[in-house]
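I set out here what I looked up in the structure shown below. The entries concern the pairing of strands in one sheet.

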Amino acid sequence: MSFFAFGIGIGTQSSNGDWLEVYYNQPLLNPPTALIDAVGQCIGYEAGTDAAIEICQAQLKDLQKALLEIDDREQIAVVEALRGSTQPMVVTLLATDSAPASTPEAYLKLTLLSSRLVQPHAIDLTGQFALLPNVAWTSEGAVSLEDLPKRQLAARAAGRILDVLSVDKFPKMSNYVVPTGIRIGDASRVRLGAHVGEGTTVMHEGFINFNAGTLGVSMIEGRISAGVVIGNGTDIGGSASTMGTLSGGNNVVISVGENCLLGANAGTGIPLGDRCTIEAGLYVTAGAKVSILDENNKQLCKVKASELAGKSDLLFRRNSQTGRIEVKTNQSAIELNEALHKHN
């Protein structure tokens, strides 16, 4: 079985020495055995284990020599950039795809997702939310909440304001990874661990959570909640919403297939197949009663929306006279404007 993942990282620790965050410039999925052996000998890695090993400048010199011997130029460039740094450094080696046991391990897995090396739900993130520290993300980087008052006072005394941009477990993705071929109107609305597909545009009110995202060209003007995956060619309209596994979706993984449209202020609590449309303003929850119509708009039967989960070519709408939710075959699948996405 191949080695799972590897990364040389630099990050931030609290005054107590606890890791707050880690940046991996060149993370690897299934790294070559020669790399693991060379690095492992330098830092005392126990083969076959998952480990995040903090390193010092002296070890960095030995690490550079070992990497030169195997001619791994990308990792050599990382080590050379870190020479002389006073920031905490770590080498994270994950022999298996097990639940993360430390902040450096969790950050490596989040970086793999945002680097498109793995897709959402493809790796084990069990316990990650509880594992990550809550951090003040400031104009001077990550600060622990315990250290924040002293840092704010020190900044004021020096004539500065320490700007607290957010207090959260997850940083914005763009401070760690910017995948190719994307546009993001407001980078603070895409968390590290989001998977943003080639050609995707995230408008200013769009949002993508961790372990979620798009697989191809998409227009995102609404919310992609944790765990939700959006297929190629799909448009999530303004203020539209998808129900995540952390916000009432229980154990049902919500996905939206290819060439779908969630209209403005619409939403879904069920998985959708390909070429589905939910009209503007309609939120389809799993327990909602839906009237199935024939081609003449006559009701055939009434079912729970959950019974239609994953089916393709459906048009969901609300009858403006009766208020009932109706579904019929979708005769007009959407096609995104190619000119808006091909030059990302």
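Which residue stands opposite Val327 in β27, Phe316 being the one I sought to confirm? I found that Phe316 stands opposite Val327 in β27.

I noted the basis first: this is a predicted model, in which local features need pLDDT of at least 70 and side-chain atom pairs count only at pLDDT 80 or more, while totals for chains, interfaces and linings use all residues. Residues are numbered from 1 along each chain as its sequence is written, and side-chain values use heavy atoms, with hydrogens and water left out.

I took strands as DSSP runs (E, at least two residues), numbered from the N terminus, and counted two strands as paired if DSSP finds at least two bridges between them.

Entry on β27. I looked up the partners of this strand. Strand β26 (residues 314-318) is antiparallel to β27 and joined to it by five bridges. Strand β24 (residues 289-293) runs parallel to β27, with three bridges, and there Ile292 stands opposite Val327. Four of the five residues of β27 (residues 325-329) are buried (under 20% relative accessible area, 1.4 Å probe, protein chains only), so the strand is largely enclosed by the rest of the structure.

Entry on the hairpin. Six residues lie between β26 and β27, and I recorded a positive phi near 85° for Gly323 in this hairpin.

Entry on the sheet. I read the order β9-β11-β14-β17-β20-β22-β26-β27-β24-β25 for an open sheet of 10 strands with mixed pairing. β9 (183-184) and β25 (299-304) stand at the edges with a single partner strand each, so one side of each has no neighbour in the sheet. Elsewhere, two bridges join β17 (residues 235-236) to β20 (residues 261-262) in parallel, with Ile236 opposite Leu262.

Methods: Buried means under 20% relative accessible area, exposed over 50%, partly exposed in between (1.4 Å probe, protein chains only).
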